[in-house]
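Q: Hey, can you walk me through this one? I'm new to looking at interfaces.

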Amino acid sequence: MSLLVLKPGLLDTIQDRGRFGYAHLGINPTGVMDISAMSVSNLLVGNKPDEAVLEMHFPAPRLRFESAALFALTGADFDARLDGQVVPVHTPVVAAAGTALEFRKPLSGARCYLSVSGGFEMESWLGSRSTNLAVQAGGFHGRALQTDDVLPFRRATDYGDILKGKKIIVFPWKADVRGLYPGDETLRFFPGAEYEWLTPGSKERLVTTHWKITPHSDRMGYRIEGPALDRNEAVELVSSAVVPGTIQLLPNGQFIILMADSQTTGGYPRIGHVIGADMPGLAQMRVGEVLRLQQVDLQAAEAAKAVQIQGLLRMRWGIYFALHAV
Amino acid sequence: MPCRIAPLGDRGLLIDWGNRIDEALNRQVLSLWDRLRRASPPGVSDLVPAYSSLTLIFNAPDARHGVPAATAYDTLRRQVEHLLANPPETEETTGRQIRIPVCYDQTMAPDLPALAARCGLPADKVVELHTGREYRVFMLGFLPGFPYMGTVDEQIATPRLSEPRSRVPAGSVGIAGAQTGIYPLESPGGWNLIGRTPLRLFDAQRAEPTLLQPGDRVRFFPISPREFHQIQAGS
């Protein structure tokens with residue numbers, strides 16, 4: 001009834017939707033970088049969409065199923081193999097006890113999610129199972145996975161009647177996630193509280209430049225490289241709230257886009273915010289990739305999110321019928 | 001007091017009373033924070049009080065509930081405007097009074113000599129001024145449990161270090177401009193470190209993980225290195 005870590009990856013953490021209700025104490029929500037991938041991964045194995053999942057980067061871990069499990073991989077495609085057999089993303093898979101899961105190369109995306117049917121048995125801290133690395137709490141003992149860690153499952157199912165002696169069953173269909181991610185490198189943003197501090201030329205540059213994601217990019221934020229942006233206000237900002245997606249202008253004219261492990265407050269000008277609907281797409285962009293910013297209004301931002309939620313709802317029913325028709 | 005209401009992305013609403021460290025402004029912030037906590041508008045997951053601003057973080061579908069034509073932001077903005085238009089009879093609840101021991105010994109105060117020299121004061125006088133008044137916890141942020149407090153006597157107000165340290169020990173007490181704060185965890189940091197407290201500002205295992213909350217009133221008192229280690233061993 002568990003998953004054993006044979007060899008850890010670059011950064012493997014347990015995450016859910018995030019920890020809310022404590023930002024006034026400086027406790028940041030953390031949570032998955034790609035909320036769409038988390039939802040799809042859970043739906044594929046019959047979980048509720050915000051069940052805690054394993055978030056992996058490349059190099060990814062080598063894992064062994066200590067008992068049979070129904071699982072799914074979503075988000076990045078790291079060319080997964082279960083005892084040598086190909087495991088496609090966005091597809092439910094049944095693994096027999098004793099099989100090993102490994103990832104060979106990063107084919108697409110930056111973060112891969114693994115869900116197991118019934119979920120992982122993890123202690124909740126302040127109402128969430130997300131790992132907060134800064135305070136070492138939540139998730140799996142508040143830290144990234146290490147060799148010999150054992151991740152228990154909440155539910156025991158033997159799957160013997162499905163496996164019939166085989167090591168792996170790959171379901172003959174996959175979830176269509178195209179509607180959940182932007183079609184190209186364009187991210188939509190909405191002007192922030194200090195947007196007007198930018199000079200007209202800088203506002204223009206913001207939407208015309210091909211921006212590059214630098215190696216100084218992680219779960220806290222993506223540092224973006226390109227022509228410097230200038231301010232027409234030399235005012236210092238007293239600390240005020242920031243959220244994942246907030247675009248902060250740094251003193252050197254470069255900017256950073258805050259991600260899931262962002263602080264709750266900051267003192268840099270908030271020139272904009274990447275809309276919620278485009279954050280999963282940004283979470284899957286890799287160091288060195290280029291992005292463009294497109295300005296939208298609040299109605300468009302909320303509508304885009306609503307379309308995404310409807311897409312997930314449709315997928316939920318589609319998967320429900322597909323799973324129960326097997 | 002006039003304020004500006006603006007979106008903070010598509011899941012935040014920012015109420016801004018002006019970009020200042022000012023006790024009267026912060027009283028407005030915390031008063032509305034308190035009222036919003038009690039009103040508990042649907043869809044709002046977090047309220048983030050800061051020096052001169054309060055931000056509502058919300059989940060749009062829940063906040064919009066029952067008002068399909070409006071954006072979540074507009075729905076919440078109306079509720080906030082209603083509260084602002086109907087101020088309470090009594091202003092603000094007074095925060096808790098908390099005394100915090102600080103060891104100002106040179107071994108735990110790497111920037112105290114330089115800060116004292118810069119201010120033209122003996123180190124003892126800096127300690128006397130730092131412990132000589134009660135500070136308001138304006139807000140928590142930067143790190144879990146990090147209190148932004150102030151304001152310090154203008155004689156000891158000192159700008160941040162030009163080169164931030166990559167490692168500041170947990171419990172370090174610092175000054176940045178007119179602000180004073182305490183690092184709850186080891187982290188990078190650019191504040192002038194003038195002492196260290198043995199108290200734990202953050203403990204994930206406690207029911208209330210942070211020692212301080214916005215609105216609390218804090219007074220520091222000096223302790224010796226020996227007392228520091230005794231308190232640390234006992235906590």
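**Where chains B and A meet**

A: Sure! Chain B and chain A bury about 3,300 Å² between them, 63% of it on carbon and sulfur atoms. Buried area is the accessible area (1.4 Å probe) that two parts lose on being put together, summed over both.

Q: Which three residues of chain B supply more of that area than any other three?
A: B:Leu8, B:Asp10 and B:Asn19, with 18% of what chain B buries against chain A.

Q: Is this model predicted or not, and what rules apply?
A: It's a predicted model, where local features need pLDDT of at least 70, side-chain atom pairs count only at pLDDT 80 or more, and totals for chains, interfaces and linings use all residues. Residues are numbered from 1 along each chain as its sequence is written, chains are lettered from A and ligands numbered from 1 in the order written, and side-chain values use heavy atoms, leaving out hydrogens and water.

Q: How many residues are in the contact?
A: 44 from chain B and 41 from chain A, with contact meaning heavy atoms within 4.5 Å.

Q: How many salt bridges cross over?
A: The rule finds one: the side chains of B:Arg64 and A:Glu302, at 2.6 Å, N to O. The rule wants a side-chain nitrogen of Lys or Arg within 4 Å of a carboxyl oxygen of Asp or Glu.

Q: New topic: what domains does chain B have?
A: Domain 1 (4-85) and domain 2 (97-234), with bounds from an automatic or database domain assignment. Their C-alpha centres lie 30 Å apart.

Q: How much do those two domains bury?
A: About 880 Å² between them, 65% of it on carbon and sulfur atoms. The rule finds zero salt bridges across that interface.
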